[in-house]
Amino acid sequence: MAATLHTPSRIYLLRHAEAAWAQPGERDFDRALSEKGYGDAEILADRAADKGYRPDIILSSTAKRCRQTADAVHRAMGLSLELRYIDELYNAAPNVYLELLDTQEANAVMLVGHNPTIEQTLEALIGHEQLLRALPGGFPAGGLAVLDFDAAAAAWKLREFLSG
């Protein structure tokens, strides 16, 4: 059964881009994007902006790799866009992501987070079968799911999936 949130009407689910391996003694939380990840984040952000995708607000995990991915989107879509870093998105369950989305007043919200939670959140919104059809290999690093709420069907629909 797919989850139905009342607001927003468009959701962007963005998994952070490829992260570098942890250095000795480095916490997972502090892992930065790899060189490839930086490039992929910039390319994805530019592609999304070129398509006219622009959330009203970006909510990002405070983990370094998510902050760096969110920053690329912020630069590409305009620095006037509100960007908030939220500690609870790191190592959270899908219900935390869903509750956060459901409490936003904005019409279009981007959530920058981690797998497996970002994929589980997408599955909760569109259902297992639609997830398997759209992403048979899983939700890739640096992937962006664009979802619109179909009021007539009272269901979330995957509009497009972009990756770097």
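**Helix α2 and the sheet it lies across**

In this predicted model, helix α2 covers residues 64–77, and its 14 residues should span 20 Å at 1.5 Å a residue; the end C-alpha atoms of α2 are 20 Å apart, which agrees with that expectation. The helix is followed by G78, a residue with a positive phi near 115°.

Several residues of α2 are buried, namely R65, C66, Q68, T69, A70, A72, V73, H74 and M77. The elements that cover these buried residues include the strands β1 (10–15), β2 (57–61), β3 (82–86) and β4 (108–113), together with helix α1 (35–50).

The strands belong to an open sheet of six, arranged in the order β3-β2-β4-β1-β5-β6 with mixed pairing. At its edges stand β3 and β6 (155–162), each of which pairs on one side only. On average, and with direction ignored, neighbouring strands of this sheet are turned by 20° against each other. Pairing of strands in a sheet takes place through backbone hydrogen bonds and may be parallel or antiparallel. The antiparallel sense is found between β1 and strand β5 (residues 144–150), which pair over five bridges. Within β5, A145 stands opposite L13.

With respect to this sheet, α2 lies across β1, β2, β3 and β4, and runs at about 165° to β2. Helix α3 (residues 94–102) also packs on the sheet, where it touches β1, β2, β3 and β4. The direction of α3 makes about 155° with that of β4.

Notes. Residues numbered from 1 in each chain as written. Predicted model: local features only at pLDDT ≥ 70, side-chain atom pairs only at ≥ 80, totals over all residues. Heavy atoms only, no water. Helix = DSSP H or I, 4+ residues; strand = E, 2+ residues; numbered from the N terminus. Expected span 1.5 Å × (residues − 1). Buried < 20%, exposed > 50% of the residue type's maximum accessible area, 1.4 Å probe, protein only. Contact = heavy atoms within 4.5 Å. Pairing = 2+ DSSP bridges. Axes fitted to C-alpha atoms, helices over the stretch in contact; angles between N-to-C directions.
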